[in-house]
Amino acid sequence: SVPLCIMHDTGKPSPTATTSPTIPPSKMAATPQSPAGLDPQAPTDDEDETDVIGDLMGHYGKWQLLMTVLLSLFQVPNTFHISSSIYQAANKDFWCQRPEELQQLPVDVWRNLTGSIDNCHRWEGIDWSQMDNSTAMPTEWKKPPDGDRQLVACEKWEYETHDNVGNTWTSEWDLVCDKEHLKNVAEMFFLLGVATGGILSGYLSDKFGRKKMLFISAVLQTLFGLWLYICSSFELYLTLRALLGLVSVSVTYSGLILAIEYVDGKWRTLAGMYNLFPLPISYMIISGLAYLTQDYQRLQLCIGVPGIFLCFLWFVVPESPRWLLVKGRLDEVRRIIEAAAKFNGRQLPPDYQLTPPTQESSSQDVTYLFRSSYLRRISICFFCIWFTMNLVYYGIILNMSSFGGNVYLNSALAGLVEIPAIAVAMYIITKVGKKWLFCATLICTGVACCCAAITEGQPELLWLKITFLMISKFTISAGNTIMPVYTAELYPTPIRNVGVGACNVAAGLALILTPYLSLLNKIEGHLLMSLLTAWSIFGGVVVLFLPETAVRSKASSNQGAANTNNAHGNASAAKQV
């Protein structure tokens, strides 16, 4: 329910039974399946399944297009917040603070005078008041007399002001030397909130409604985002970042489910997938904003303000009619159907009836994922794949500032290449099976990361390294589009929600680790890209252990419809679940 694996899920809700006219709210990020999907050994797709609401107001028309486009806009501030640390936590050149008398002393001379190699220490015992910017420096001051002085930690620092980075967390709170790890902690707090919210948001959205949770979360997201703009305490900043991550994933999940519950049939898949298009556009926008502001506070203000305007969509976007029907609120359902049908130019029958579906109780828990050999195999594989996908996808995105070159241009290019990646993935998976395409995206990502690792440490080949990084971003983005749909299709309907939820936990673990990947480059320059290479290839190999999904043709669809009654009687398959 978040990144394609926590922040970017594109799953589809699924009816409990073929006769159900609604989508049970308990089916988070699930792909619709026919009754034959109860057979764990033969996962199928029932994307052509429709319900009475779609038959009345139209399966997909101008009204659904307008609503789903408006809901996709909520992805913009989410993307802003998750990628803001690329610029707000950027590294800066620093040195121990110069005494007041030596403010005009060249920095390189000052560094040599203090005897500091890491810019974290200086010589103790020198009376700097005896010097000024024009005083000749005695030779004995360049190094301490024997045994009289030692290196002590600097108390304050100065920072480079002409680095096209501006004021960051580093310069605001002196997050250098022994405090440098706190930048990763700040980002980890945000992603910890994302992982936690991914677990809670599904339950809350089911209980209180998609629209209500969407806008409550959007209001809180805006408030926390603007509060961060004026926050001066680093401890409070950490807390707000965690809360921001928690509500941001709720915005993502609630908006996505609301969008796909406005449509039915094959449009569920497309509505979920094109909900991703604002993501790459947002990556490009925030890179431009960061370049223009070059200050973490002004950037925070710029990414917090758009949420104010989105909150006014409360008066435009209705609640999910399918969720309302499950809750028995028939008058509200009729008002939405009539408004949508009028907007779509459809004539409603004068005596149409709406009947709330009978909700089936479900007590499945995570242990059901291991009760047959098929389920054990796909569960273990998907845990590894979701972990890998999030680690590599966000490992590339959130470490743009450590790859070299212009971080603003790199980030904008990374967003640009994701647009055709999503479009290509959307087109191809409707024509061919997902297994080999998914495997190819991960293997190609690994090859591209390997080539980038080979060029590491060679400044004259920086352009080639960035090219390979963009290729890896293209392929991993395509895989990121395929993964949630493929996952939901392979899990049988009764336990699909449990399966996707468990995969999100694995994705959350990867997100929490992602901020610390940048530390690998301090150990060895090739280590980060080598790790991403290994994990990508590992994920591609794991995909080979998964079954293929059927590519449905018109003829096979008709044959599947003819065999529906047989599928209802498949008791032995149901027992395996």
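Start by selecting Thr170: with a relative accessible area of 1%, this residue is buried (under 20% relative accessible area, with exposed being over 50% and partly exposed in between, for a 1.4 Å probe and protein chains only). You are looking at a predicted model, where local features need pLDDT of at least 70, side-chain atom pairs count only at pLDDT 80 or more, and totals for chains, interfaces and linings use all residues. Residues are numbered from 1 along each chain as its sequence is written, and side-chain values use heavy atoms, with hydrogens and water left out.

Thr170 sits in helix α6, residues 169-173. Helices here are DSSP runs of H or I with at least four residues, strands are runs of E with at least two, and both are numbered from the N terminus. Now show what Thr170 touches: Ala89, Ala90, Tyr159, Leu175, Val176 and Lys183, not counting residues up to four places away in sequence. Contact means heavy atoms within 4.5 Å.

Next, pick Glu158 in strand β4, residues 157-159. Is Glu158 buried or exposed? At 11% relative accessibility, Glu158 counts as buried. Leaving aside neighbours within four places in sequence, the contacts of Glu158 are Asp93, Phe94, Trp95, Cys96, Gln97, Arg98 and Gln103. Draw a C-alpha to C-alpha distance from Glu158 to Lys92 and you get 9.9 Å, across 66 residues of sequence.

Now for the second largest pocket. Select Ala89, Ala90, Asn91, Ser401 and Ser402, which lie nearest its centre among 35 lining residues. The search runs on a 1 Å grid over the protein atoms alone: a pocket is an open set of points with protein on both sides within 12 Å along at least five of seven lines, a cavity is a set of points where a 1.4 Å probe fits but cannot get out, and lining residues have an atom within 4 Å of a point. This pocket's volume is about 670 Å³, a volume being the space filled by probe spheres set on grid points that are joined across faces, edges and corners. Colour α4 (85-88) while you are here, since the largest share of the pocket lining, four residues, comes from α4. By class, the lining has 15 nonpolar, 15 polar and five charged residues (Ala, Val, Leu, Ile, Met, Phe, Trp, Tyr, Cys and Pro count as nonpolar, Asp, Glu, Lys and Arg as charged, and the others, Gly among them, as polar).

How many cavities of 30 Å³ or more does a search of the whole structure find? Just one, with about 60 Å³ of space. To find this cavity, select Ser83, Ile86, Tyr87, Tyr283, Ile286, Ile397, Met400, Ser411, Ala414, Gly415 and Lys473. Helix α17 gives the largest share of the cavity lining, three residues.

Last stop: the largest nonpolar core, with 133 residues. A nonpolar core is a set of buried Ala, Val, Leu, Ile, Met, Phe, Trp, Tyr and Cys residues joined through side-chain atoms within 4.5 Å. Select Phe74, Phe382 and Phe438, which have the most contacts inside this core. Helix α16 (residues 373-397) gives the largest share of the core, 15 residues. Then zoom in on Phe438, which touches Ile385, Met389, Gly479, Ile482, Met483, Tyr486 and Val543, again not counting residues up to four places away in sequence.

Zoom out to finish: the protein has 25 helices and four strands, and buried residues make up 55% of its 577 residues.
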